[in-house]
Amino acid sequence: MTDFHVDEFARLLKKLPPHLPISDAFEDTLLAHVEDRWPTQRLHMTTWFEAQATKGSGQYTRETPNISAKTTYNRLQSPYGLMWIAEALGVEEELLQKAAAEALAAPRRSRSAVIRKHIPWEMIAELAEPKMSSSWIRLRLGPKLGRARSFLKSSRRTKR
């Protein structure tokens, strides 16, 4: 199964259109009353994925940086961001509409899980991989990702 470094996935997201019809309508339906929101989900998602490679800040502080786009996608609690990523990468309109309809009917805290049920990481990775340039780092699950995580842990220990 394919995984990407969060920075490389964020670079791909930056190249995608900032506004798309289904994800914009989905977000507007849920956040029409909210004034203080991200200007685009592209900005929101690129910022979020880039920040994962750090220890974060404030309420988003974490002990160990996360370098896995797959892990970030699977933990993401932004149904609007998940919908935008899927639409921007080219998920079929019918599937997007079905996921959006079910997410809108679900309790607020379950919406991201509902979207991932229809649009799992494997589908996102399959659509993203051809769009990634050959010079980008691709992490494969297994030894390479394990070595990268071990490196991060060991470098954290030596900096103390």
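The largest nonpolar core here has 39 residues, and those with the most contacts inside it are F9, F49, I85, I119 and I124. A nonpolar core is a set of buried Ala, Val, Leu, Ile, Met, Phe, Trp, Tyr and Cys residues joined through side-chain atoms within 4.5 Å. Buried, by the way, means under 20% relative accessible area, exposed means over 50%, and partly exposed is in between (1.4 Å probe, protein chains only). In soluble globular proteins, nonpolar side chains tend to be buried together.

Keep in mind that you're looking at a predicted model: local features need pLDDT of at least 70, side-chain atom pairs count only at pLDDT 80 or more, and totals for chains, interfaces and linings use all residues. Residues are numbered from 1 along each chain as its sequence is written, and side-chain values use heavy atoms, with hydrogens and water left out.

**The core and the whole chain**

- The elements giving two or more residues to this core are α1, α2, α3, α4, α5, α6, α7 and α8 (121-128).
- The largest share of the core comes from α5, with eight residues.
- Overall, the protein chain has nine helices and two strands; these are DSSP runs numbered from the N terminus, with helices being H or I of at least four residues and strands E of at least two.
- Walk along the sequence and you get the pattern β-α-α-α-α-α-α-α-α-β-α.
- The protein chain has 160 residues, and 46% of them count as buried.
- Take the contacts between residues at least 6 apart in sequence: 75% of them join residues at least 24 apart. Contact means heavy atoms within 4.5 Å.

**Helix α3 and its partners**

- Which residues of helix α3 (residues 41-51) are buried? They are Q41, H44, M45, T46 and F49.
- Those buried residues of α3 pack against α1 (6-14), α2 (21-31), α4 (69-75) and α5 (79-89).
- F49 touches plenty of residues beyond its neighbours within four places in sequence: V6, F9, A10, L13, A69, T72, Y73 and I85.
- α3 and α5 pack at an angle of about 100°, with their axes 9 Å apart. Axes are lines fitted to C-alpha atoms, for helices over the stretch in contact, and angles run from 0 to 180 degrees between N-to-C directions.
- α3 and α5 are therefore roughly perpendicular to each other. For such labels, angles under 35 degrees count as roughly parallel, over 145 as roughly antiparallel, 65 to 115 as roughly perpendicular and the rest as oblique.
- On the α3 side the contact uses Q41, R42, M45 and F49, and on the α5 side Y80, G81, W84 and I85.
- Sorted by class, the residues of the α3 and α5 contact are five nonpolar, two polar and one charged. Here Ala, Val, Leu, Ile, Met, Phe, Trp, Tyr, Cys and Pro count as nonpolar, Asp, Glu, Lys and Arg as charged, and the others, Gly among them, as polar.

**Helices α5, α6 and α7**

- The axes of α5 and α6 come within 10 Å and cross at roughly 175°, and that makes α5 roughly antiparallel to α6.
- M83, A86 and E87 in α5 meet L96, A99 and A100 in α6, a contact with five nonpolar, no polar and one charged residues.
- The axes of α6 (residues 93-105) and α7 (residues 111-118) come within 9 Å and cross at roughly 155°, so α6 and α7 are roughly antiparallel to each other too.
- In this pair, L95, K98, A99, E102, A103 and L104 of α6 meet R111, V114, I115, K117 and H118 of α7. The split is six nonpolar, one polar and four charged.

**Three single residues**

- A88 sits in helix α5 and counts as buried because its relative accessibility is 13%.
- A88 and L20 are 68 residues apart along the chain, yet their C-alpha atoms are separated by 7.2 Å. Leaving aside neighbours within four places in sequence, A88 is in contact with L16 and L20.
- Over in helix α8 you'll find M123, which is partly exposed at a relative accessible area of 26%.
- M123 is in contact with V91, L95 and H118, not counting its neighbours within four places in sequence.
- K70 belongs to helix α4 and is buried, with a relative accessible area of 17%.
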